[in-house]
Amino acid sequence: MKNSMILSVFLSAVMIMGCTNEKLAENSIPETDHEVEILVFSKTDGWRHDSIEAGQEAIKQLGEENDVFVHVTEDASVFNRSTLGRFDAVVFLSTTETIFNDDQREAFRDYIRNGGGFVGIHAATDTEYDWPWYNRLVGAYFDGHPAVQSATLNVVDSNHLSTSMLPEQWVRADEWYDFRDFNEDVNILITIDPESYEGSDHVGLHPMAWYHEFEGGRSFYTGLGHTIESFSEDLYLQHLWGGIEYAIGNE
């Protein structure tokens with residue numbers, strides 16, 4: 001009887017702690033009167049890009065210009081059902097390595113399956129390597145890169161919110177990722193010309209941005225955005241915001 005009582009008290013404490021953590025996460029996000037809200041998440045457990053802060057500020061500015069509330073955090077506890085439910089899209093801004101525990105993974109998966117939107121920027125593919133579901137959501141895993149340099153991007157689909165403003169060939173400098181474990185079900189938006197830069201080990205077709213509907217939600221990924229300068233580049237910001245608009249569901 002005594003052991004049963006101890007176990008009951010322990011389980012109650014665990015349940016209360018879980019509810020308290022969700023409440024704390026929810027209370028850390030101010031109430032707004034915006035119709036559209038997005039979450040920008042930039043937790044890192046590996047390499048941390050020095051462009052993250054520039055990206056956070058740029059997306060907040062884009063949100064102000066488009067009447068979208070932008071909440072920025074690196075606190076994974078916001079990935080619970082009650083808190084995620086208020087956001088129209090979640091943006092992974094150069095996250096790296098393992099960023100979630102099992103409960104947070106489950107909450108995020110439910111969020112997507114309930115119609116949520118996802119945007120991955122650059123190192124979002126350098127994230128959650130031991131979670132196959134995330135691999136399918138983001139579309140690929142990072143597999144190395146050469147030095148930052150200029151290259152030619154080919155816009156292969158200009159009928160998307162993220163590419164309609166782009167030239168057919170777009171020359172710019174960035175850190176160009178090689179990818180592995182590519183999800184063949186995604187819709188490719190931009191590829192990179194392998195002859196236009198040096199050092200890539202990527203074999204075959206080399207996508208750099210894509211989108212797809214996934215398990216009830218929407219996913220957009222752009223490999224662009226390594227450099228600080230990217231987040232003051234007007235054409236890149238239009239490309240990024242178009243991807244965010246798609247994830248929100250504003251087609």
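What is the relative accessible area of Glu128? In this predicted model, the value for Glu128 is 0%, so the residue is buried.

## The pair Arg105 and Glu128

Glu128 takes part in a salt bridge with Arg105, and their closest N and O atoms are 2.5 Å apart. This salt bridge joins distant parts of the chain, for Arg105 belongs to helix α4 (residues 102–113), while Glu128 sits in the loop between β4 (117–121) and α5 (132–138). The two residues are 23 residues apart.

Arg105 is buried as well, with a relative accessible area of 12%. That value counts as buried because the term applies under 20%.

## The pair Arg48 and Glu74

A salt bridge also connects the side chains of Arg48 and Glu74, with a distance of 2.7 Å from N to O. Arg48 is found in the loop between β1 (37–41) and α2 (52–65), and Glu74 in the loop between β2 (69–73) and α3 (81–84); the pair therefore ties together parts that are 26 residues apart in sequence.

Arg48 is partly exposed, its relative accessible area being 32%. Glu74 is likewise partly exposed, at 35%. These two residues also belong to a network of salt bridges that links Arg48, Glu53 and Glu74.

## The pair Arg172 and Asp174

Arg172 and Asp174 form a further salt bridge, in which the closest N and O atoms are 2.6 Å apart. Both of these residues are buried.

## The overall count

How many salt bridges are there by this rule? The count comes to 12, and among them are the pairs Arg105 and Glu128, Arg48 and Glu74, and Arg172 and Asp174.

Key. Residues numbered from 1 in each chain as written. Predicted model: local features only at pLDDT ≥ 70, side-chain atom pairs only at ≥ 80, totals over all residues. Heavy atoms only, no water. Salt bridge = Lys/Arg side-chain N within 4 Å of Asp/Glu carboxyl O. Helix = DSSP H or I, 4+ residues; strand = E, 2+ residues; numbered from the N terminus. Buried < 20%, exposed > 50% of the residue type's maximum accessible area, 1.4 Å probe, protein only.
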